[in-house]
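Please read these notes with the sequence and the model side by side. The points follow the strands, then the core, then single residues.

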Amino acid sequence: MKGVAMAKTKKTPAATKARAKKEPVAAPTKKVVAWPGAQDTAKLRKQQAKSLATLKTGAEGAAVHLASEGLASDVLLSIPTGSTQLDLLLRGGIPVGRIVEIYGREAVGKTTLVAHIIANAQRLGGHAVLIDSEASFYMERAKRIGVNATGFELEILKAPYMEAGFEKIYESVPVFTRDFPGIPSVIVWDTIAAAPTKAEYEAVLQGKAKYAAGLADKARELRKQMRVLSNWLVQYNVALVFVNQVSEGMAKGGMPAADKSSGGLAIKFHASARIEMKRGMTDADYGQLAEARRKKCKLDGPEVKDWQAK
């Protein structure tokens with residue numbers, strides 16, 4: 001084109017063009033602030049090993065993870081009840097290191113079931129203690145069931161009041177674990193409903209006709225003892241069985257009256273298994289039949305449908 005001066009562009013080498021390009025600016029590094037409670041893996045594993053060692057020594061306040069082996073809450077031993085169906089419902093029988101409640105009305109087979117549990121504990125090589133608050137344990141019938149009363153495998157205690165029975169439990173459990181390591185033993189209280197408190201016992205002996213705080217004192221004493229026993233018993237190979245009676249409640253709204261066990265809710269709450277006994281049909285060959293119903297079991301899930309044994 002005429003009259004227009006064309007500027008000549010100077011060709012630059014490829015290296016110069018590369019340097020002329022704008023280099024990308026690096027993003028500023030974000031400063032990561034560690035959480036004050038965070039710990040490295042090695043230190044955490046060291047603390048876990050220390051906690052597990054503390055637990056094995058029996059020290060208080062020890063804490064371990066659920067994935068650790070040898071938890072104190074694991075049930076490793078059980079005592080057969082004499083009924084195969086009931087053992088299946090309880091996942092092996094009476095759990096050792098736990099509290100079990102057997103309750104029901106009068107003459108439904110509670111003491112008979114207890115005699116079978118004592119006999120099976122003796123067959124396994126263990127020891128048995130019976131706290132007989134009712135003074136109604138028939139030894140001749142227990143012998144026919146299989147209870148060995150000639151040796152030292154059975155000890156019958158007459159506890160005048162409730163506090164004396166709990167003192168015997170605290171004395172006997174460590175001795176059984178020491179003398180019979182790895183062998184399940186059992187302590188049976190028949191029945192807890194018939195055991196008065198020490199205050200009530202002394203009030204009756206002193207001739208006090210009215211003692212209004214009897215039931216309230218019993219419920220408070222059971223709550224106090226159950227809080228200690230449920231956590232203390234798991235480290236020993238002894239099963240604790242409470243036999244309890246029921247009282248008939250008042251019917252409300254046209255509904256039938258519900259039975260409730262005596263002593264408040266302490267045993268019901270802290271028991272790992274609860275067995276309700278009821279009178280069944282009368283058989284010509286076997287006599288009076290008894291029904292055992294699993295009302296509570298922390299050792300098994302709720303998927304078991306057949307919860308009644310005969």
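1. A pairing to begin with: tyrosine 103 has glutamate 276 in E9 as its bridge partner. Strands here (E, at least two residues) and helices (H or I, at least four) are DSSP runs, numbered from the N terminus. E3 and E9 run parallel and are joined by five bridges; two strands pair if DSSP finds at least two bridges between them.

2. Some notes on the source. This is a predicted model, in which local features need pLDDT of at least 70 and side-chain atom pairs count only at pLDDT 80 or more, while totals for chains, interfaces and linings use all residues. Residues are numbered from 1 along each chain as its sequence is written, and side-chain values use heavy atoms, with hydrogens and water left out.

3. The protein as a whole. The secondary structure consists of nine helices and eleven strands. Of its 310 residues, 36% are buried, where buried means under 20% relative accessible area, exposed means over 50%, and partly exposed lies in between (1.4 Å probe, protein chains only). The protein exposes about 20,000 Å², of which carbon and sulfur atoms supply 56%; accessible areas come from the Shrake-Rupley method with a 1.4 Å probe, and for residues only the protein chains shown count as cover. Among contacts between residues at least 6 apart in sequence, 67% join residues at least 24 apart (contact means heavy atoms within 4.5 Å).

4. Strand E3. All six of the six residues of E3 are buried. One side holds Ile99, Glu101 and Tyr103, the other Val100, Ile102 and Gly104, and both faces are covered. As background, side chains in a regular strand alternate between the two faces of the sheet. E3 (residues 99–104) also runs parallel to E7, with six bridges between them. Isoleucine 99 stands opposite leucine 240 in E7, and glycine 104 stands opposite glutamine 245 in E7.

5. Strand E7. Why is E7 (residues 238–248) described as largely enclosed by the rest of the structure? Eight of its eleven residues are buried, so the rest of the structure largely encloses it. E7 also pairs with E6 (residues 185–190), in the parallel sense and over six bridges; there valine 188 stands opposite valine 241. With E8 (residues 259–261), E7 runs antiparallel and shares three bridges, and valine 246 has serine 261 in E8 as its bridge partner.

6. The nonpolar cores. A nonpolar core is a set of buried Ala, Val, Leu, Ile, Met, Phe, Trp, Tyr and Cys residues joined through side-chain atoms within 4.5 Å. The largest one has 33 residues, of which Ile79, Ile94, Ile102, Ile118, Val186, Val188 and Ile275 touch the most other members. Elements giving two or more residues to this core include E3, H4, E6, E7 and E9. H4 provides the largest share, seven residues. Apart from this core lies another, of 27 residues, including Tyr161 and Leu233.

7. Isoleucine 102. This residue is in strand E3 and is buried, with a relative accessible area of 0%. Leaving aside neighbours within four places in sequence, isoleucine 102 has contacts that include Lys110, Leu113, Val114, Val241, Val243 and Ile275. The C-alpha atoms of isoleucine 102 and alanine 271 are separated by 10.0 Å, with the two residues 169 apart along the chain.

8. Lysine 110. Which side chain of opposite charge is nearest to lysine 110? It is glutamate 134, 6.6 Å away, and lysine 110 is buried yet has no salt bridge. A salt bridge is a side-chain nitrogen of Lys or Arg within 4 Å of a carboxyl oxygen of Asp or Glu; for charge, Lys and Arg count as positive and Asp and Glu as negative, while His and the chain ends are not counted. Lysine 110 is in helix H4 (residues 110–123). Beyond neighbours within four places in sequence, the contacts of lysine 110 include Ile102, Tyr103, Val243 and Met277.

9. Histidine 127. Histidine 127 lies in the loop between H4 and E4. Is histidine 127 buried or exposed? Histidine 127 is buried, at a relative accessible area of 9%. Among its contacts, neighbours within four places in sequence aside, are Phe152, Leu154, Phe176, Phe180, Pro184 and Val186.
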